[in-house]
Amino acid sequence: MARRVIGLDVGTHAVRVAEVELEDPPRVTAFGQVALPYDAVRDGEVVDAGAVTKAVERLWNELGLGKGEVRLGIASPRVIVRTVDMPAMSEADLEGALRFQAGDLIPIPLDEAAFDFQVLETVARAEDAGADAEPMQRVLVAAAHRDAVEDRKSTRLNSSHTVISYAVFCLKK
């Protein structure tokens, strides 16, 4: 049996969920949405956690979703996404280098941010670089105000679901 995951998006006007079996290729096995009351979510921020929770529970019941891993999407003006080119290095060294440069990359104090990164590609060397140029990697850096993430966590899922990761979406550059 293929591993399955549930993607949950809490938008301004609706809560959406997609259940995906992680086969090759991945397969959507369930999808649905439930409208939210006016102003339950405003400017990407949960204002009425009770209303959002009720909508999530209704959606789960309507789709008959069982236990599963949940990946929660976060879209907010308080989410920052950047790409940065860095010399190729180990993941541990890259994390340290990005944290050191965080003040130049994101306009949020690092101690107030949920911060993560993903290497998008490694390039042997730039086309216009000399033969002795070191390999570079393009890195996606994502950060959000920690309380924006905590707001989503306060949207209680029933006890049979565990949020395993967050996907962030930047609303403006």
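These questions and answers concern a predicted model of one protein chain.

Q: What makes residues 49–63 count as helix 1?
A: A helix is a DSSP run of H or I with at least four residues. Helix 1 has 15 residues. It therefore passes that minimum.

Q: How do you know what span is expected for helix 1?
A: The rule is 1.5 Å times one less than the number of residues. For the 15 residues of helix 1, that gives the expected 21 Å. From first C-alpha to last, helix 1 reaches 21 Å, so the span is close to expectation.

Q: Why are Leu59 and Trp60 of helix 1 called buried?
A: Buried means under 20% relative accessible area. Leu59 and Trp60 are among the buried residues of helix 1, so each falls under that cut-off. Others in the list include Ala51, Val52 and Val56. Across the 173 residues of the chain, 35% count as buried.

Q: What makes strand 7 and strand 9 a pair?
A: Pairing needs at least two bridges found by DSSP. Nine bridges join strand 7 (residues 79–87) to strand 9 (residues 136–145), so the two pair. They run antiparallel. In one of these bridges, Ile80 has Ala143 of strand 9 as its partner.

Q: Why is strand 8 also said to pair with strand 9?
A: The minimum is again two bridges. Strand 8 (residues 113–123) and strand 9 have 10, so they pair, in the antiparallel sense. Here Ala114 stands opposite Ala144 of strand 9.

Key:
Residues are numbered from 1 along each chain as its sequence is written. This is a predicted model: local features need pLDDT of at least 70, side-chain atom pairs count only at pLDDT 80 or more; totals for chains, interfaces and linings use all residues. Side-chain values use heavy atoms; hydrogens and water are left out. Buried means under 20% relative accessible area, exposed over 50%, partly exposed in between (1.4 Å probe, protein chains only).
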